[in-house]
Amino acid sequence: MTDETTAATPEPPTTERAVVPWQSFALINREAVEKGMEEMRTFVKKTLKPGVHFGKHGAAKKPSLEKPGAEVIFKGFLCRPRFSIISEKVEDGYAYYLVKCEAVHMALGVVFADGLGASDTNRQAGGGGQTFAWKCNAAVKMAQKSAMIAAALTLGCVSEFFTQDMGDEAGGKQ
């Protein structure tokens, strides 16, 4: 009777890591990578629309992925965004926010990719009549948008098609 109880009791989890020789890791074969990239190229060409999901800005060589395009990429991978403020600075009428966006698989709850975005109250338009709270809210939303686009570029491996920001390829000027 004691033997049956002992056999049915699971062992407690261990915090030790297993040492695995590097040779035991299988690399994805070239054909699988090429097939996946071709599927993504087809997805981009057939699903994402210029002027809606991405757009050309200034002298940039590649178009910029826009928030609606990032949302489509997230949905294509069955992911939803999860945002968190990583860092913030608020003082003397100025606020800065660094936001992280995680692409979380809707069924599995696993983070597939993440991205960072930043904004501050000095970048917000709207004239002099806007309250500081309005400017802070707009800065958080802009940082979230930037973080989501960064996560979508990583999630979809679509950097060959798009840049994130208007100024990425135009010498950093927006």
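Where does Cys157 lie? The close-ups below come from a predicted model, and the first one takes up that question.

**View 1. Cys157, in the segment after α4.** Look just past the helix α4, which runs over residues 132–156, and you'll find Cys157 in the segment that follows. Cys157 isn't a glycine, yet its phi is positive, at about 50°. Is Cys157 buried, partly exposed or exposed? Cys157 is partly exposed, with a relative accessible area of 46%.

**View 2. The buried residues of α3.** Now go to α3, the helix spanning residues 67–76. Its buried residues are Gly69, Ala70, Ile73 and Phe74. These four cover an arc of only 140° around the axis, so they sit on the same side of α3. Here's a handy bit of background: an α-helix has 3.6 residues a turn, so residues three or four places apart point the same way.

**View 3. What covers that side of α3.** Which elements cover the buried residues of α3? The cover includes two helices, α2 (30–47) and α4, along with the strands β2 (64–65), β3 and β4 (94–105).

**View 4. Leu78, just after α3.** Step off the end of α3 and you meet Leu78, with its positive phi of about 55°. Leu78 is another residue that has a positive phi without being a glycine. Leu78 is found in the loop that links α3 to the strand β3 (79–91). How much of Leu78 is exposed? Its relative accessible area is 48%, which means that Leu78 counts as partly exposed.

Technical notes:
Residues are numbered from 1 along each chain as its sequence is written. This is a predicted model: local features need pLDDT of at least 70, side-chain atom pairs count only at pLDDT 80 or more; totals for chains, interfaces and linings use all residues. Side-chain values use heavy atoms; hydrogens and water are left out. Buried means under 20% relative accessible area, exposed over 50%, partly exposed in between (1.4 Å probe, protein chains only). The arc is that of the directions from the helix axis to the C-beta atoms. Contact means heavy atoms within 4.5 Å.
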